There are 4 protein chains.
Amino acid sequence: MAKMHVGFVGTGIMGAPMARNLLKAGFTVTAQNRTRAKAEALEADGATVVDTPAAAAEGADAVITIVSDSPDVEAVYLGDDGICSTIGRGKLTIDMSTISPMVAREVAKAVEAKGASFLDAPVSGGEGGAIGGTLSIMIGGPTEAVERARPLFEAMGKNIVHIGENGAGQLTKLCNQTAAVLTILGAAEAVALAEKSGLDVGKMLEAIGAGAAGSWMISNLAPLMAKKDYRPGFMIDLQQKDLRLVMETARAFKLSMPGASLVHQLYASNQAAGEGAEGTQSMIKTLRRLGAI
Amino acid sequence: MAKMHVGFVGTGIMGAPMARNLLKAGFTVTAQNRTRAKAEALEADGATVVDTPAAAAEGADAVITIVSDSPDVEAVYLGDDGICSTIGRGKLTIDMSTISPMVAREVAKAVEAKGASFLDAPVSGGEGGAIGGTLSIMIGGPTEAVERARPLFEAMGKNIVHIGENGAGQLTKLCNQTAAVLTILGAAEAVALAEKSGLDVGKMLEAIGAGAAGSWMISNLAPLMAKKDYRPGFMIDLQQKDLRLVMETARAFKLSMPGASLVHQLYASNQAAGEGAEGTQSMIKTLRRLGAI
Amino acid sequence: MAKMHVGFVGTGIMGAPMARNLLKAGFTVTAQNRTRAKAEALEADGATVVDTPAAAAEGADAVITIVSDSPDVEAVYLGDDGICSTIGRGKLTIDMSTISPMVAREVAKAVEAKGASFLDAPVSGGEGGAIGGTLSIMIGGPTEAVERARPLFEAMGKNIVHIGENGAGQLTKLCNQTAAVLTILGAAEAVALAEKSGLDVGKMLEAIGAGAAGSWMISNLAPLMAKKDYRPGFMIDLQQKDLRLVMETARAFKLSMPGASLVHQLYASNQAAGEGAEGTQSMIKTLRRLGAI
Amino acid sequence: MAKMHVGFVGTGIMGAPMARNLLKAGFTVTAQNRTRAKAEALEADGATVVDTPAAAAEGADAVITIVSDSPDVEAVYLGDDGICSTIGRGKLTIDMSTISPMVAREVAKAVEAKGASFLDAPVSGGEGGAIGGTLSIMIGGPTEAVERARPLFEAMGKNIVHIGENGAGQLTKLCNQTAAVLTILGAAEAVALAEKSGLDVGKMLEAIGAGAAGSWMISNLAPLMAKKDYRPGFMIDLQQKDLRLVMETARAFKLSMPGASLVHQLYASNQAAGEGAEGTQSMIKTLRRLGAI
């Protein structure tokens with residue numbers, strides 16, 4: 001079976017290595033990025049570069065998009081030179097950005113009105129996962145479309161889960177971020193208590209990491225907190241964008257999320273202090289500010 | 001080398017299986033419990049039963065205590081028939097209760113004044129870990145005493161970590177509880193968002209559990225939330241006792257812990273609703289109450 | 001001096017009595033409302049009714065707008081039939097809606113580009129204040145425009161304060177809502193503690209209302225909580241809209257507002273329970289839900 | 001009718017001026033204080049000084065106590081030289097400290113076992129109110145005893161309210177503190193938003209103080225926040241003691257108090273920063289720390 005031809009919109013920190021993995025897997029790729037130079041960096045890997053999302057979608061079997069936020073996705077699909085203006089009947093579109101589930105559903109409807117399919121398929125795993133092809137991919141949309149897209153997903157990720165209808169991928173990503181940030185807060189308060197009371201933080205983490213308090217965050221980010229290594233990982237500014245989506249979605253569904261909301265406010269302190277480009281482990285800095293540590 | 005003779009004070013849900021593991025490992029055990037019948041249940045396993053902590057300590061190489069809360073530990077060590085009234089010079093005392101680090105340090109001083117050593121060595125791992133001998137043990141106290149106690153710890157637990165001076169074991173346990181409850185809150189808010197928005201909770205958990213949001217809680221308690229299985233595990237009433245200790249300790253050290261404090265208030269709702277004897281996964285019930293789920 | 005001719009856009013619960021007060025004070029009024037019937041209800045009071053904001057602004061000395069939210073204000077000023085398409089050079093526009101300070105500033109720029117002036121002048125005091133002409137009015141914009149608008153403000157309100165540049169009126173309104181909702185939360189937690197512990201709530205309020213805990217909320221809303229009278233006053237759904245603006249504004253300025261954020265989450269529980277159209281005193285119901293009162 | 005003879009235990013910042021007001025009103029006073037010199041300062045006003053609470057109670061018609069915290073009240077009433085050892089049958093005891101309602105009830109029982117009456121009658125109004133004789137007094141205990149005590153209360157306070165049975169005075173005081181601190185938090189977040197967004201704080205407060213956001217705190221403490229005047233008023237360390245009582249009482253009654261709990265954590269940051277002896281308006285400093293203002 002011939003490999004699909006893929007339009008790829010958004011070749012930033014995440015998108016570029018994902019597109020490279022598609023090229024490595026033998027897919028042909030037509031890339032587009034707002035800053036054209038970023039797309040051109042993929043030419044050496046075999047990509048063709050075009051100027052608009054419409055041009056990337058034209059003639060493609062599938063279009064993959066990964067941009068910053070809900071309005072960007074709306075622009076890329078629904079704008080004047082958007083994907084919906086050229087996408088062919090029966091073709092596939094896959095948005096891998098993290099955006100509002102409500103917006104994902106709107107875009108899905110617009111794509112379906114053109115006779116094509118839409119998947120919302122946000123990822124976790126960060127730049128490392130994008131480069132290594134080990135992203136977790138959470139997918140919402142029609143089963144048939146998921147199956148068609150599977151070879152693409154397998155070129156980019158490892159833990160590929162089809163959750164449900166359109167929007168379900170984004171909702172799952174927001175569940176992921178909710179669980180993640182409160183686990184970070186727990187790690188950070190534990191580290192703060194240890195620091196304030198004079199414990200050896202490394203030994204404390206060794207003692208608690210193996211049991212019921214254990215988590216990826218305790219194993220991976222808490223040691224960075226102790227070592228004062230604040231390099232991202234995942235930047236606080238991006239986490240705050242995602243938490244804004246969590247809060248907006250909770251509002252839309254009329255759900256109280258006191259924990260996620262508290263974290264959103266605490267990270268605002270990092271942003272106020274100019275730490276927005278640091279990794280999410282810098283939560284510890286806000287606790288140190290509060291605790292005069 | 002002859003096995004130590006151990007006095008064991010507090011043969012409740014945790015203490016009884018721990019004492020049994022000592023007996024299985026070949027230690028002789030003199031057991032004492034406020035409700036004598038609970039200690040007598042160990043006679044079949046080879047324990048001798050006495051009436052007071054003082055009697056349990058008399059002639060023992062080491063005394064292990066595991067009771068409910070700080071005042072109980074004070075009574076058991078410092079009371080009229082307490083351990084300090086009979087403990088021999090050069091002997092070992094080990095408190096495995098979860099109590100105030102400040103109280104642990106006071107008791108340590110009283111024990112040292114008798115020429116004996118004190119370790120604070122709280123555990124995590126629950127009844128299952130106590131039965132299976134797989135408890136995590138977090139230890140504060142003098143290195144020499146820890147080394148002497150090691151054969152006892154190895155009969156009861158797996159992840160045995162000496163953290164620092166007296167109090168360090170209790171502080172580490174409080175760090176553990178802090179990290180644990182916020183990880184639970186994160187899991188519960190993720191499940192609540194999934195339920196409220198109509199996601200398949202099982203698939204959501206499958207998708208997020210493998211990555212940066214992963215934790216023991218996501219793997220073990222979140223599925224119970226979804227299945228509405230509220231059996232403990234670890235009871236909310238006990239978790240609230242531990243969170244009270246966290247809050248008191250934070251107060252003593254002048255530390256803001258907004259996250260742990262929020263969880264403490266949310267679990268109060270479970271207690272108000274008569275759910276104090278359920279497992280900590282019942283946090284989801286408070287979120288459902290708030291969200292009309 | 002001849003009375004100004006006023007275009008009035010948005011004749012809802014607040015706008016209608018405000019327009020009536022202008023008519024009573026001798027101003028001529030051309031009214032417009034999306035649902036035309038609501039504007040027509042003012043004809044008996046002497047208003048002329050038109051179909052679009054543009055028509056209301058045409059030939060007016062001043063246009064007053066009071067609509068629901070930021071996008072409505074954008075539509076009313078910047079849309080196809082919007083005020084900016086007809087407003088005359090040197091004329092006055094006054095937005096009395098509660099909206100985003102950032103949007104207020106954008107609209108101000110668009111109005112100024114037409115050679116007219118813009119004031120953001122949100123109000124507090126509710127329907128009662130609108131009817132009685134006793135609204136508090138918080139004003140942002142050029143001093144000269146405020147002075148020209150003063151006779152209009154005096155026909156509608158009592159406590160008329162010019163705070164600063166454009167946006168300052170909206171920012172002040174958000175400060176007002178922040179202070180208000182936390183004062184409500186304080187009143188509600190006090191009432192909940194009284195109820196849960198069996199105090200006579202009325203006597204408790206009598207005892208605390210005169211001192212440092214005293215507030216408009218303790219005097220006016222706390223007694224309604226105790227009597228289970230949940231009629232608005234000010235509806236929770238509207239309060240939540242305003243708190244959303246508070247949160248968005250805090251985000252824009254990088255400010256942590258943990259208190260306002262907590263209230264926003266607690267009111268979400270009222271909305272989930274179908275209490276969004278009740279008065280803000282229904283905060284007590286969320287506390288009762290949490291406390292099994 | 002002859003004036004009562006009053007034993008007065010605890011002549012600190014609050015107690016000394018209260019005792020002076022009793023002396024001015026014609027009561028004879030026998031004063032006792034742990035640091036005897038503080039009681040002796042009242043000799044010039046006509047007080048007799050004794051060494052123990054027992055001595056102050058001996059022969060007194062009524063004993064008034066105002067000390068720091070629950071254990072102090074227990075010591076003063078139930079200790080070796082305590083009031084219960086000498087108080088006469090049919091006599092009156094009045095504790096005006098702020099302590100645990102549960103402890104107040106225990107002490108009441110001990111006093112009643114001696115055939116005397118006990119009132120819990122905590123105050124608000126601070127040092128100024130104590131000097132001026134304008135304290136608010138919140139009373140729990142038997143009606144008959146309240147009536148007998150009324151001339152004493154009238155010499156010390158203005159807003160004198162009998163709430164209910166023993167404990168009701170303390171519970172009301174905790175309701176007072178709960179309402180007060182959340183009103184402060186609301187004021188502080190409003191001031192922080194104003195500062196961060198460049199508003200004129202004074203004008204903002206002028207605009208919001210007259211309406212539904214108005215409170216004693218907005219009128220009295222918010223202007224101090226703006227002026228950076230942090231002199232107490234009421235010290236954060238004392239407020240934190242009272243909030244600890246609120247949290248303990250909520251725990252005893254199984255009540256969620258997320259707002260009071262949040263304030264308790266935020267003030268911990270002030271204490272960590274060495275601001276515990278400043279007035280409660282220093283809450284703004286914690287918000288400034290979080291917001292990099």
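**Note on chain relations and the fold of chain A**

1. In this predicted model, chain B can be laid on chain A with an RMSD of 0.0 Å, the operation being a turn of 180° combined with a shift of 0.0 Å along the axis. That is the relation of a two-fold axis. Within chain B, the C-alpha nearest the axis belongs to B:S215, at 1.9 Å from it. The two copies use the same surface, since 100% of the contact residues of chain B recur in chain A.

2. A further contact joins chain A to chain D, with eight residues of chain A in contact with eight residues of chain D. On the side of chain A that touches chain D, the helices α13 (258-272) and α14 (283-291) of chain A each supply at least two residues. By character, the residues on this side of chain A divide into five nonpolar, two polar and one charged.

3. Turning to chain A by itself, its secondary structure comes to 14 helices and nine strands. Among its contacts between residues at least 6 apart in sequence, 66% join residues at least 24 apart.

4. As for overall dimensions, the C-alpha atoms of chain A fill a box of roughly 65 × 45 × 35 Å, taken along the principal axes. The radius of gyration of chain A is 20 Å, which agrees with the value near 19 Å that a compact globule of 293 residues would have. Buried residues make up 65% of the 293 residues in chain A, where a residue is counted as buried if 20 or more other C-beta atoms lie within 10 Å of its own.

Key. Residues are numbered from 1 along each chain as its sequence is written. Chains are lettered from A and ligands numbered from 1 in the order in which they are written. This is a predicted model: local features need pLDDT of at least 70, side-chain atom pairs count only at pLDDT 80 or more; totals for chains, interfaces and linings use all residues. Copies are superposed by least squares on the C-alpha atoms of residues with pLDDT of at least 70 in both. Two residues are in contact if their C-beta atoms, placed from the backbone, lie within 7 Å. Helices (H or I, at least four residues) and strands (E, at least two) are DSSP runs, numbered from the N terminus. Ala, Val, Leu, Ile, Met, Phe, Trp, Tyr, Cys and Pro count as nonpolar, Asp, Glu, Lys and Arg as charged, and the others, Gly among them, as polar. The radius of gyration is taken over C-alpha atoms; the globule rule is 2.2 Å times the number of residues to the power 0.38. A residue is buried if 20 or more other C-beta atoms lie within 10 Å of its own, exposed if 12 or fewer, and partly exposed in between; C-beta atoms are placed from the backbone.
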